[in-house]
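Here is a short report on one protein chain. It moves from the overall fold statistics to a few local backbone and surface features.

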Amino acid sequence: MLLRRRFHGLLAAVSGSLRRSHTTAGARIPWAIMRHNACPVEAPSPQVRLVEPPRISEVYVPDHLVKTAPLPDPASDVVEARGGVVCAASGDGLLLLFFAQMRLTARIVARQGDLPLRLPPDGFDPDHVPNVTRFVFNPLTHQISRLPPRVAKLDRDAGPLFDVHMGLVTQADRGHGPPDRFAVAELPEENLMLRFLSEKGKWETVAVSPCQLPSARRMDIHHEVLAFRGRLWWVDQTWGAISVDPFSDRPELSFVELPRGSVLPPGAPTRERVSMHFLGYAPSDDDEDGGKVSWGLYRRVGVSEGRLRYVEVSTKEPYLLSSFALDDNGSGWTLEHRVALSKLWADGGYPWLPLKEGMTPRISLLHPLNSSVVYLKVDKHIVVVDMDMKEVTGSYLYKTNFDCIPCVLPPWLGSSRIPSAGKKDAEKNKTLANVLVRSDTP
């Protein structure tokens, strides 16, 4: 599994000097592309490098908010590593952040004075459970709310995934505008949901009513959790999506299969998009499974113009890019666009041409406000394609590999606050009240 690879570079953390392009809370762009990798830095308060797409915005969280456990003995064969991810977006601008304080085995082989010389880290310390800190974050005001801790389970065979398949969704009493409450949830088992409701201020496990699946197979989730129409959606990019209302007193699961012709057999390989970012490593595009197609690179589900949409690109010439919209009743999909990318850029002149071997176009994300626009990853370029216009409308070169998610920034986000925990009983439950942080500096 990818989690076993490339531990060198774990300790190459982002330096404390942040880029000058951080925006203030008054910045106004309608949406941003958020890098999955969220960096702990030496800084007094959270910071955001917020830039207009197709450039990628970044989140930085102060080290003192992430350091929740003592350092390992410097004379031991164990070292510390810290990292985090922008795990999910609420659909109205709030972000769910996860940070992990981990211990890795790195054997001491010699000493230079008092300085130990170590081999590169080669695995997680099996005797240590990583300390995981979860935050809800407003990228415009820089307000950050730490969620109460819960025990992180360590899979010693696969490495810690740190619950990266949690989602964040909000509710507003008026039906729109600043939220009055939020929920964070995951589905650890088929009939159970682990959730945190801001009004209760604590984690709880609740039973969920199952739904009838079209076949007896387990879902393979390697896609960030989506928030859509008050529900959270977990996506299997080879089969379909399962959703639930985490606010409900009697939550029920619902399943939507992918468009006909896009459903693949069980076991078709995908790729984990999120967990490696705890190790400071974004998997490269050539990380395939024994030469098999990693379908997660070529398929995405997202919310655009108020509808759930599915986009895929074929792995062979002419690289057909297809976009589908879920019907309003959730019963099926409608094909909206189909464009042959090879014909679209046949005139040449683009910096990513000719395509390198194995560097076929991948899906990066859907434009959340324009359903005809898709962001592709071609080698190290973000390429913006308008399927209505059938043309490339923008591109940006990145020197490193990247994964990212869209984040809508509504006009009221810069003046709203994250709903407090225990709102219904503020005197008895102050779970988040003491850890709310606001940054008024750029």
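The text below covers the chain as a whole, then its unusual backbone sites, then one surface patch.

**The chain as a whole**

This is a predicted model. The protein chain has 442 residues, and 57% of them count as buried. Its secondary structure comes to two helices and 27 strands. Sequence-distant pairs are well represented in the contacts. Among contacts with a separation of 6 or more, 59% link residues 24 or more positions apart. The accessible surface of the chain is about 19500 Å². Carbon and sulfur atoms account for 50% of that surface.

**Backbone sites**

Two cis peptide bonds and two positive phi angles are set out here.

| Site | Feature | Value | Location |
|---|---|---|---|
| P53 to P54 | cis peptide bond | omega about 10° | P54: loop between β3 (47-49) and β4 (56-62) |
| E317 to P318 | cis peptide bond | omega near 5° | P318: loop between β20 (307-313) and β21 (320-326) |
| R229 | positive phi | about 50° | loop between β15 (226-228) and β16 (231-236) |
| E305 | positive phi | near 50° | loop between β19 (299-304) and β20 |

Take the cis bonds. One joins two prolines, P53 and P54. The other runs from E317 to P318. P54 sits in the loop that links β3 and β4. P318 sits in the loop that links β20 and β21.

Now the positive phi angles. Neither R229 nor E305 is a glycine. R229 belongs to the loop from β15 to β16. E305 belongs to the loop from β19 to β20. Strand β20 therefore has E305 in the loop before it and P318 in the loop after it, because strands are numbered from the N terminus.

How exposed are R229 and E305? R229 has a relative accessible area of 52%, so it passes the 50% cut-off and counts as exposed. E305 has 45%, so it falls between the 20% and 50% cut-offs and counts as partly exposed.

**A nonpolar surface patch**

Which residues form the nonpolar patch on the surface? They are V109, L115, L117 and L119. Together they offer about 330 Å² of accessible area. L117 lies in strand β8, which spans residues 115-118. The relative accessible area of L117 is 35%. L117 can join the patch because that value is over the 30% required of patch members. L117 still counts as partly exposed.

Terms used. Residues numbered from 1 in each chain as written. Predicted model: local features only at pLDDT ≥ 70, side-chain atom pairs only at ≥ 80, totals over all residues. Heavy atoms only, no water. Patch = residues over 30% accessible without salt bridge, like charges linked within 9 Å, V, L, I, M, F, W, Y side chains within 5 Å. Areas by Shrake-Rupley, 256 points an atom, 1.4 Å probe, with all protein chains shown as cover. Salt bridge = Lys/Arg side-chain N within 4 Å of Asp/Glu carboxyl O. Helix = DSSP H or I, 4+ residues; strand = E, 2+ residues; numbered from the N terminus. Buried < 20%, exposed > 50% of the residue type's maximum accessible area, 1.4 Å probe, protein only. Contact = heavy atoms within 4.5 Å.
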